[in-house]
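I wanted to look up how the nonpolar residues and the aromatic rings are arranged here. My entries follow.

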Amino acid sequence: MVKGVSFLIKSFKAWKWFLLVVLLAGGGIAGYYAYSIAHFASSISTAQQSNPNTDPSGAGQGGELPDIPEWDGTEPVHLLLLGTDSRDTDSNGRSDSMMVATIDPVTKQTYLMSILRDTYVDIPGHGYSRINAAYSYGGAPLAMETVGKLLGIPIDHYVKIDFEGFKSLVDTVDGVEIDVEKDMKYTDGGDGHRYDIDLKKGVQTLDGTHALQYVRFRHDATSDFTRTERQRKFLTALAAKLQSSSSLLKLPSILNGVAPYIETNMSTSTMLKLARLGLDVNVSRTEKVQIPPNSLLEAKTVRGAAVLGVDEVRLRKYIEKMLNDSDEENEESVQE
């Protein structure tokens, strides 16, 4: 009996040390992940930095970035996503794509709105022009102000990524499976054919180079309309891949790989709140929308150039109704 008790005590002590080692290892891994996320957030944030190319008004005269309100994690947040052409050598580069991602932390509902770049709008301080000119005129601050005014929603945060960063992100998650809807081919000799497009129709896993080709292709009958549709489709698939267990295990290397190509004005704490929220969001329920919708578009010619006119008052009502109607549906489903 005594020998049996002694054996149990020794066994318990052995398991106690084993469990302690496991817990310490787990704590070390958790600490490493937390450090990686915090380091990434602080390295890409310009929240406490100055931008020599833009002033708070977006007029491009120099000065510090405006103070950014801290997101409290309870109200919907609207993020301007900027895809920039890293080939350009001017101060801000070209805005190749503009999207607004809206996330409701209560209902977990998300929206992805693509802004047609030929939309003809009033850019504060610069008069009417295509909306993608806002970034060239005044960087991210002016782009946020212009898009927020167009949609009638507060846009305080942006995330900017260039071509090489996009490619790096896709490669780091080992590519994204997508159904390429048709053959796509385009030759661009401007950069030694570095950004040529050559894709075949069918379901396939796109690496970074081919993913960039897919989201940039617009040389078909409907041009930017189908291009933005492809971008929404691809980003939704990429978001789902980032939520997968394989990507979460590789999170530190993913963050380290894309950090040099990303810029944001969000504070570290805001990014950490959004990162936690991102794990709970069901990306398959993301509302994917073209802005402005076809029903509110008007083809116009300004100084010989084709642009897209829009009734901004009706557009803001459209956005308000879309967000409110979806919130009510989510609340009803929760109550049921």
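I took buried to mean under 20% relative accessible area, exposed over 50%, and partly exposed in between. The model is a predicted one.

Aromatic pairs. I counted four of them. I looked first at Y120 and Y128, which form a tilted pair with 5.6 Å centre to centre and 35° between the planes. Are the two residues buried or exposed? Y120 has a relative accessible area of 14%, so I entered Y120 as buried. Y128 is at 47%, so I entered Y128 as partly exposed.

I then turned to F166 and F234. Their ring centres are 5.7 Å apart and their planes stand at 50°, so this pair is tilted. F166 belongs to helix 3 (residues 163–172) and F234 to helix 5 (residues 223–243); with these positions 68 residues apart, the pair links distant parts of the chain. F166 has 10% relative accessibility and counts as buried. F234 is buried too, at 0%. I also noted that F166, F234 and Y214 make up one aromatic cluster.

Cores. Which residues have the most contacts inside the largest nonpolar core? I found F166, L206, Y214, F234 and L274, in a core of 39 residues. Setting aside neighbours within four places in sequence, I listed the contacts of F234 as F166, V170, V176, I178, L206, A211, Y214 and V215. Another core lies apart from the largest one; it has 31 residues, including Y111, V121, V310 and I319.

As background, I noted that nonpolar side chains tend to be buried together in soluble globular proteins.

Methods
Residues numbered from 1 in each chain as written. Predicted model: local features only at pLDDT ≥ 70, side-chain atom pairs only at ≥ 80, totals over all residues. Heavy atoms only, no water. Core = buried A, V, L, I, M, F, W, Y, C linked by side-chain atoms within 4.5 Å. Buried < 20%, exposed > 50% of the residue type's maximum accessible area, 1.4 Å probe, protein only. Contact = heavy atoms within 4.5 Å. Phe/Tyr/Trp six-rings, centres within 6.5 Å; stacked < 30°, edge-to-face > 60°. Helix = DSSP H or I, 4+ residues; strand = E, 2+ residues; numbered from the N terminus.
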